[in-house]
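Dear colleague,

I am handing over the structure below, together with an account of what was found in it. Please read the notes with the structure open beside them.

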Amino acid sequence: MITIKNISKTFGKSTVLNNLNLTFNKGECIALIGPNGCGKTTLIKSILGMVIPTKGDILFQNKSILGQFDYREKIGYMPQIGKYPDYMSIGQILKMMKTIRNSNQNLDEELIREFELEKIFDKPMRTLSGGTTQKVSATLAFLFNPDVLILDEPTAGLDPLASEILKEKIIREKNKGKLILITSHLLSELDDLITQIIYMQDGKVQFHKNISTLLENTKEQKISKAIAQILKTSSHESYN
């Protein structure tokens with residue numbers, strides 16, 4: 001569904017993405033992890049068309065996205081920190097987005113109900129807690145029933161109940177055949193969600209593995225411990 005072909009991105013003398021080649025298929029929930037500055041955000045912004053690669057190409061459903069924008073209608077994006085007009089209410093934000101998109105398709109308003117946002121539609125965005133703003137961002141990401149969901153630290157700031165609601169929603173959408181990309185520093189949040197994991201460092205992919213293979217090879221039951229084992233082994237080998 002999305003193919004990354006020999007993508008590199010430089011800012012001045014700094015290489016942020018270094019010759020990446022990746023394939024993301026529908027029905028997969030893929031975690032993109034790595035230390036701060038590893039290139040995760042730049043890769044996501046490249047897929048969204050917010051950053052233009054220095055070289056290489058990105059294909060969406062076998063068509064290059066470079067210079068295109070229509071494909072973005074098939075992507076739902078949840079930023080790590082959503083920025084909205086302070087003076088507008090939750091209800092006005094949702095109404096505005098529906099007007100902008102002018103979509104005739106069936107809307108997915110499940111999270112509006114599950115987060116009980118209709119009870120606070122009149123609250124201005126400037127008065128919301130970080131967690132409630134996250135709920136609005138999640139709702140907007142899923143609202144137009146996109147084929148692809150890109151979720152940047154989706155559970156950050158959410159209370160335990162809201163976090164579970166969102167994780168269950170992610171699983172349901174994956175089971176419908178959608179492609180979901182998740183960035184997260186909370187590996188414990190990913191155990192029940194993801195089918196693949198990509199670890200990036202210094203603009204390169206260090207490994208891209210199926211979760212079942214990862215757990216089998218490391219003899220671990222939790223993703224966080226499996227990743228720690230691989231990184232510890234790699235660090236030891238590099239040191240020697």
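**Helix α5 and its charged side chains**

K167 counts as buried, because its relative accessibility is 13% and the cut-off for that class is under 20%. Please keep in mind while reading that this is a predicted model. The partner of K167 is E164, with which K167 forms a salt bridge whose closest N and O atoms are 2.9 Å apart. Both residues belong to helix α5, where they sit three residues apart, or about one turn of the helix. E164, with a relative accessible area of 38%, is partly exposed, whereas K167 is buried. Beyond this pair, D108, E110, E114, K169, R172, E173, K176 and K178 are joined into one network by salt bridges that share partners.

One of the salt bridges around the same helix is formed by the side chains of E110 and R172, at 3.3 Å from N to O. This pair links distant parts of the chain, since E110 lies in helix α3 and R172 in helix α5, 62 residues apart. R172 itself is partly exposed, its relative accessible area being 30%.

By the rule used here, the count of salt bridges comes to eleven. Another of them brings together the side chains of K98 and E109, with 2.8 Å between N and O. K98 is part of helix α2 (residues 90-101) and E109 of the loop between α2 and α3 (110-114), so this pair ties together parts that are eleven residues apart in sequence. Both partners are partly exposed, K98 at 31% relative accessibility and E109 with a relative accessible area of 27%.

**Strand β7 and its neighbours**

How many of the five residues of strand β7 are buried? Five of the five are, over residues 148-152, so the strand is largely enclosed by the rest of the structure. V148, I150 and D152 point one way from β7, while L149 and L151 point the other way, and all of them are buried.

β7 has strand partners that run parallel to it: four bridges join it to strand β6 (residues 75-78), and five bridges join it to strand β8 (residues 179-183), also in the parallel sense. Within these pairings, Y77 has I150 of β7 as its bridge partner, and D152 stands opposite T183 in β8. Helix α5 (residues 160-175), described above for its salt bridges, makes a right-handed β-α-β unit together with β7 and β8.

**Nonpolar cores**

The largest nonpolar core has 44 residues, and those that touch the most other members are L151, L166, I170, I194 and I197. Helix α4 (residues 130-143) contributes the largest share of this core, six residues. Once neighbours within four places in sequence are left aside, I197 is in contact with A31, I33, F207, H208, K209, I211, L214, I223 and I227. Apart from this core lies another, of 25 residues, which includes I4, F24, I30 and L43.

**Aromatic pairs**

There are two aromatic pairs in the structure. In one of them, the ring centres of F60 and Y71 are 5.7 Å apart and the planes stand at 45°, so the pair is tilted. Because F60 lies in strand β4 (residues 55-60) and Y71 in the loop between β5 (63-64) and β6, the pair ties together parts that are eleven residues apart in sequence. F60 is buried, with a relative accessible area of 5%, and Y71 also counts as buried, at 9% relative accessibility.

The pair formed by Y199 and F207 is stacked, with 5.6 Å from centre to centre and 10° between the planes. Y199 and F207 are both buried, and F207 is also among the residues in contact with I197.

**The open sheet**

Strand β4, which holds F60, belongs to an open sheet of four strands in the order β2-β1-β4-β5, with antiparallel pairing. At its edges are β2 (14-24) and β5, each of which pairs on one side only. Two bridges join β4 and β5 in the antiparallel sense, and L59 has S64 in β5 as its bridge partner.

With best regards

Technical notes:
Residues are numbered from 1 along each chain as its sequence is written. This is a predicted model: local features need pLDDT of at least 70, side-chain atom pairs count only at pLDDT 80 or more; totals for chains, interfaces and linings use all residues. Side-chain values use heavy atoms; hydrogens and water are left out. Buried means under 20% relative accessible area, exposed over 50%, partly exposed in between (1.4 Å probe, protein chains only). Two strands pair if DSSP finds at least two bridges between them. A crossover is right-handed if, with the strands pointing away from the viewer, the path from the first strand over the helix to the second runs clockwise. A salt bridge is a side-chain nitrogen of Lys or Arg within 4 Å of a carboxyl oxygen of Asp or Glu. A nonpolar core is a set of buried Ala, Val, Leu, Ile, Met, Phe, Trp, Tyr and Cys residues joined through side-chain atoms within 4.5 Å. Contact means heavy atoms within 4.5 Å. Rings of Phe, Tyr and Trp (its six-membered ring) pair if their centres lie within 6.5 Å; planes under 30 degrees apart count as stacked, over 60 as edge-to-face and the rest as tilted.
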